[in-house]
Every structure is written in structure tokens, then in C-alpha cells.
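Trainee: I should like to examine one part of this structure closely rather than survey the whole. Could you please guide me through a single strand and its surroundings?

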Amino acid sequence: TPAEKAAYARRMDALRRQHDAEVRQRQDAAAGSAAVRWAAAAPADVHPYLAAKGVRAHGVRIEAGHTMLVPIRDVEGKLCNLQGIAPDGTKRFMPGARVKGCYHAIGKPSGRLVICEGYATGATIHEDTGHAVAVAFNAGNLLAVAKALRAKFPSITLVLAADDDWK
């Protein structure tokens with residue numbers, strides 16, 4: 001009946017709001033943990049991952065003497081998450097932390113901003129071209145980062161540099 005449909009829609013809306021609030025709460029707690037880890041880590045100049053990829057350190061830190069931390073921030077600059085990269089190249093995000101629409105910035109935007117998938121790709125692009133880079137961390141986040149940066153920089157040229165790894 002129309003009354004049952006309306007009641008069902010209200011219930012689903014309430015469940016959606018509750019779920020969204022729980023997700024935000026987990027993301028806020030994870031962001032707090034990320035801030036503590038980031039503050040305790042040391043600035044990085046060298047790391048086996050950087051050496052293997054042939055790139056320099058751009059705003060990364062070292063945790064516990066071995067894990068490279070890449071900060072993941074929203075467009076306001078708030079630290080939302082960390083990507084930990086082990087010496088063997090294994091990558092992990094903090095569980096429950098936000099990634100969508102967040103990125104790691106390399107360089108200062110001036111006319112052109114390149115959005116790419118991974119840290120090493122972003123570092124290479126910046127080092128080879130001098131362009132500012134936003135590392136989106138995965139293909140599924142490219143569009144969300146592009147939309148967030150378009151809102152922040154409405155007149156800048158955005159370039160998407162997706163990995164060609166379809167095979």
C-alpha cells in the first residue's frame with residue numbers, strides 16, 4: 001500500500017543516515033590515529049621503495065625505521081588517512097579511514113595539476129615535468145579527486161594520468 005511504501009522509505013532513510021553517521025565516526029577516529037602516527041614519524045629522505053622506484057621523497061615520513069608513510073588529505077588539507085609502504089613495496093591504508101576524494105599533494109598547483117594513481121607515478125611526473133600532482137592512490141578514486149580539485153581550483157587545467165595496466 002502507499003502507506004507501507006512510505007513507511008518503508010522512511011525506515012530505509014533512517015538506516016542510511018545511521019550508517020553514514022557510523023562511517024563518519026569510524027573515519028574521524030581513524031583520522032585521529034593517523035595524526036598521532038604522522039606526528040611520531042620521522043621525515044624521510046631515503047627508503048627502499050623510493051630507491052626501487054627511482055624517485056625522491058615528497059612529503060613522506062618513516063615510521064618505526066622501516067615503513068614509509070604517505071599522508072592522504074582532503075581538499076581542506078585535513079589528514080584523513082595514511083598509506084604505509086613497507087620496504088618490500090607492500091601498501092596498506094589504515095582500516096576504516098577515508099580515501100575517497102582524498103589525495104597526496106606533490107608541488108604547488110600553478111596552471112596545471114596532474115592527477116594520478118600511485119605515489120611513485122606522481123613523484124615521477126612531478127620530477128620530470130615540474131607540474132603539481134595529486135596522488136589519488138587507485139583508479140577508483142581518480143574521478144572523486146578530480147571533482148574535489150575542480151571545486152577547489154575551478155580554472156586550473158586538470159590532467160588525468162591513469163595507469164595503463166589493463167593487461
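Mentor: The following account begins with one strand and then moves to its surroundings. Please keep in mind that the model is predicted.

Let us take strand S7, which comprises residues 112-116. This strand is mostly covered, since four of its five residues are buried.

Consider next the strands with which S7 pairs. With strand S9, residues 157-161, S7 pairs in the parallel sense, and five bridges connect the two. To find this pairing in the model, look for Cys116, which stands opposite Ala161 in S9. S7 is also joined to strand S8, residues 132-135, by four bridges, and these two strands run parallel as well. Here Leu113 is the residue to locate, for it stands opposite Ala132 in S8.

How is the chain arranged around S7 and S8? Together with helix H3, residues 119-129, the two strands make a right-handed β-α-β unit.

A residue of interest in this region is His131, which has its place in the loop between H3 and S8. Is His131 buried, partly exposed or exposed? Its relative accessibility is 29%, and because a residue is called buried under 20% and exposed over 50%, His131 counts as partly exposed. In sequence, His131 and Val114 are 17 residues apart, yet their C-alpha atoms lie 6.9 Å apart in space. Val114 is also among the residues that His131 touches; the others are Ile106, Arg112 and His126, when residues up to four places away in sequence are not counted.

S8 leads us on to the largest pocket. The space in this pocket is about 190 Å³. Its lining consists of 17 residues, and those nearest the centre are Tyr103, Ala105, Gly107, Pro109 and Lys152. S8 is one of the elements that give two or more residues to this lining, along with strand S6 (104-106) and helix H4 (142-152).

For comparison, turn finally to Thr67, which is placed in strand S3, residues 67-73. At 14% relative accessibility, Thr67 counts as buried, because that value falls under the 20% cut-off. The side chain of Thr67 makes a polar contact of 2.8 Å with the side chain of His66. Apart from neighbours within four places in sequence, Thr67 is in contact with His47, Arg61, Ile62, Gly84 and Ile85.

Notes. Residues are numbered from 1 along each chain as its sequence is written. This is a predicted model: local features need pLDDT of at least 70, side-chain atom pairs count only at pLDDT 80 or more; totals for chains, interfaces and linings use all residues. Side-chain values use heavy atoms; hydrogens and water are left out. Buried means under 20% relative accessible area, exposed over 50%, partly exposed in between (1.4 Å probe, protein chains only). Two strands pair if DSSP finds at least two bridges between them. A crossover is right-handed if, with the strands pointing away from the viewer, the path from the first strand over the helix to the second runs clockwise. Contact means heavy atoms within 4.5 Å. A polar contact is a pair of N or O atoms within 3.5 Å; within protein, one must be able to donate a hydrogen and the other to accept it, and residues adjacent in sequence count only if both atoms are side-chain atoms. On a 1 Å grid over the protein atoms alone, a cavity is a set of points where a 1.4 Å probe fits but cannot get out, and a pocket is an open set with protein on both sides within 12 Å along at least five of seven lines; lining residues have an atom within 4 Å of a point. Grid points are joined across faces, edges and corners, and a volume is the space filled by probe spheres set on the points.
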